[in-house]
Amino acid sequence: MAGIFDSLFRMRYGSVMKKFEGIPGPTPIFPIGTMSEFAKRNPWEVFVDYEKQYGGMTLCWLGGEPTLVLNDPNLIRDVLITKADDYYKDYPIKALRPVLRNTVFNLNSPEWDKLRKPHSHPCLIEGLDSWLESQFPVVKSVVDRHLSKMRETAGEIEILDKIQRLFFDIFNSIVCGPQFQAGGYENYYKMTVVATRRMATPQALLIPPLDPSFHSAMSAHYGSYEKIVKQARQNPDPAANDLLSIFLRQGSEIPDEQLVDFLSEFHVGGDVSSAAGIVNTFQFLNDNPEIEKKLYGELAEMIRHKPDYDLSSIGESTLLDHVLRESLRLNPPVQVFGRNVRKDRTTTLGGREIPPNTSVMIVAKAVQRSASHWKNPDQFDPDRWANGGVDANPIGSDYFFPFGRGPRMCVGWKIAMFSMKIVLASMLSKVFVQTSGSFKQSLHCGVVETKEVKARLVPHQA
Ligand code: HEM
């Protein structure tokens, strides 16, 4: 039976197939291409396995659309860095458009170039590192407040939901000021649900969202940022230390509407991904009780000696840093992201010609678990980052790029790492986080989230 459908596929798409001749991959059938592989397993799991089955470059077919899946660090470097100008970002821009207006996330050159520069993007302020350090008490107080609330719940809590809400408040506080309590998490979340649904819909079938509750969520969400931007412009507080105020003081002339878009982009880019990273880390720690015990011990000791611990105390726990890196290596929240060859040119990849507009999927997870580079690649081993491991594999290098790499690398990665560390330190210095549940993975706004996870927060013994 499959033979008929293979032949039909070849009849319909033979001329396109010819352009990709010789690239290995599963056999496509009419009309779905190779998408039957996603019936039993998630696409991101299938893509990781292609590395073992077919090597670093696999040809798959999303219906009649040829897609190259890359699991090879050299090819990925070519796409994201060496030949970055030959590519543009297509998927999931159309899907995200109603949710995310004009931001670096969903623009391409030349508009993208104009925004991704120091006086045009708040995440690129001068002195970002020292500004971040100054945000330690702000982030810590948001975490402490949320943790107290979580601890009021007897029994188990929905940990992913709680951590997503936590990051929503962290980012609002550091970007708009600690006094800014946006509320409105539900509005933001509603937008991400619509975005996620649209990302799973074939591009050709996308129509503008019709649901009125989506539009009221959008206007409430953007409305709260419009207000804060207007206030910051009209009554600037010279002592304010939030990102928005600093950015404006450094002389940005970008229009208010653009600024509002940036503030919203922070949440769409950062909340779900950072929360997924934290929940994955809890899980890795639960599965590795020896490491868990050591880390809990280190952090509890820190808080015993210094109840008002500061950033440098957290910095002293290299284990914390290594645990987070190891979690992002084994289970990067953004496991797959895409590019397309520019419509006006043919490029070369791995020594062969690739036609205009071909879509390419970058798979971080297989490379970050490559046996040719990592010893015991599937093992959760934070110690691999000790004794020069961090310098040998910096964030954004060939075998470790949980935030992407090259000119379009995550603009918020330093803020994410900083905030995630404080969340882990502040929570784990006080409680054991014991997780249970089905640990089902699903995509939310392009992030692989572990859903259906309950957690019990057990206080440390005094
Ligand atoms: C653990 C947390 C995070 C992870 C794992 C993550 C991951 C990523 C990845 C892999 C990319 C590259 C996508 C590509 O090349 O197509 C990216 C881009 C981006 N991220 Fe993040 N991110 C995180 C947090 C944040 C935060 C806090 C922000 C806040 C501003 C942010 C904003 C963005 C933006 C705007 C881009 C697009 C940059 C561009 O195309 O120029 N992300 N992120």
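Asn376 is exposed, with 9 other C-beta atoms within 10 Å; here a residue counts as exposed if 12 or fewer other C-beta atoms lie within 10 Å of its own, as buried if 20 or more do, and as partly exposed in between, with C-beta atoms placed from the backbone. The structure is a predicted model, in which local features need pLDDT of at least 70 and side-chain atom pairs count only at pLDDT 80 or more, whereas totals for chains, interfaces and linings use all residues. Residues are numbered from 1 along each chain as its sequence is written.

Asn376 has a positive phi of about 40 degrees although it is not a glycine. The residue lies in the loop between helix 16 (364-368) and helix 17 (389-392); helices (H or I, at least four residues) and strands (E, at least two) are DSSP runs, numbered from the N terminus. Asn387, which also is not a glycine, has a positive phi of about 45 degrees. Asn387 lies in the loop between helix 16 and helix 17 and is exposed, with 9 other C-beta atoms within 10 Å. Most residues other than glycine have a negative phi, and most peptide bonds are trans.

Two cis peptide bonds were examined. One joins Phe30 and Pro31, with omega about 0 degrees, and Pro31 lies in the loop between helix 1 (2-19) and helix 2 (43-54). Another joins Tyr91 and Pro92, with omega about 5 degrees; Pro92 is found in the loop between strand 3 (87-88) and helix 4 (93-96).

The ligand is surrounded by 25 residues, of which Gly269, Gly270, Gly404, Cys410 and Gly412 come nearest; a residue is near a molecule or strand if its C-beta atom, placed from the backbone, lies within 6 Å of it. By class, this shell has 13 nonpolar, 8 polar and 4 charged residues. In this classification Ala, Val, Leu, Ile, Met, Phe, Trp, Tyr, Cys and Pro count as nonpolar, Asp, Glu, Lys and Arg as charged, and the others, Gly among them, as polar. Helix 12 (256-287) and helix 18 (413-428) each supply at least two residues of the shell, and helix 12 gives the most, with 7 residues.

The largest nonpolar core has 106 residues, of which Leu70, Val279, Ile362, Val363 and Leu424 touch the most other members. The largest share of this core, 13 residues, comes from helix 12. A nonpolar core is a set of buried Ala, Val, Leu, Ile, Met, Phe, Trp, Tyr and Cys residues joined through C-beta atoms within 7 Å. When residues up to four places away in sequence are not counted, Ile362 touches Leu70, Ile76, Val79, Leu80, Val336 and Phe337, contact being defined by C-beta atoms, placed from the backbone, within 7 Å.

An open sheet of 3 strands has the order 4-10-9, with antiparallel pairing. Strand 4 (157-158) and strand 9 (431-444) stand at its edges, each with a single partner strand, so one side of each is left without a neighbour in the sheet. Strand 9 pairs with strand 10 (residues 447-459) in the antiparallel sense over 12 bridges; two strands pair if DSSP finds at least two bridges between them. The bridge partner of Val431 is Pro459 in strand 10.

Thr450 lies in strand 10 and is buried, with 21 other C-beta atoms within 10 Å. Leaving aside neighbours within four places in sequence, Thr450 is in contact with Ala276, Val279, Asn280, Gln283, Phe439 and Gln441. Thr450 and Pro333 are 117 residues apart in sequence and 9.4 Å apart in space, C-alpha to C-alpha.

Strand 1 (residues 57-62) is mostly covered, 5 of its 6 residues being buried. Strand 1 and strand 2 (residues 65-70) pair in the antiparallel sense over 6 bridges, and Trp61 stands opposite Pro66 in strand 2. The two strands, strand 1 and strand 2, form a hairpin with 2 residues between them, and Gly63 in the turn has a positive phi of about 65 degrees.

Helix 8 (residues 159-176) has 18 residues, which at 1.5 Å a residue should span 26 Å; its end C-alpha atoms are 25 Å apart, which agrees. The expected span of a helix is 1.5 Å times one less than its number of residues. Of the 18 residues of helix 8, 15 are buried, so the helix is largely enclosed by the rest of the structure. Helix 8 is followed by Gly177, whose phi is positive, near 115 degrees.

Methods. Two residues are in contact if their C-beta atoms, placed from the backbone, lie within 7 Å.
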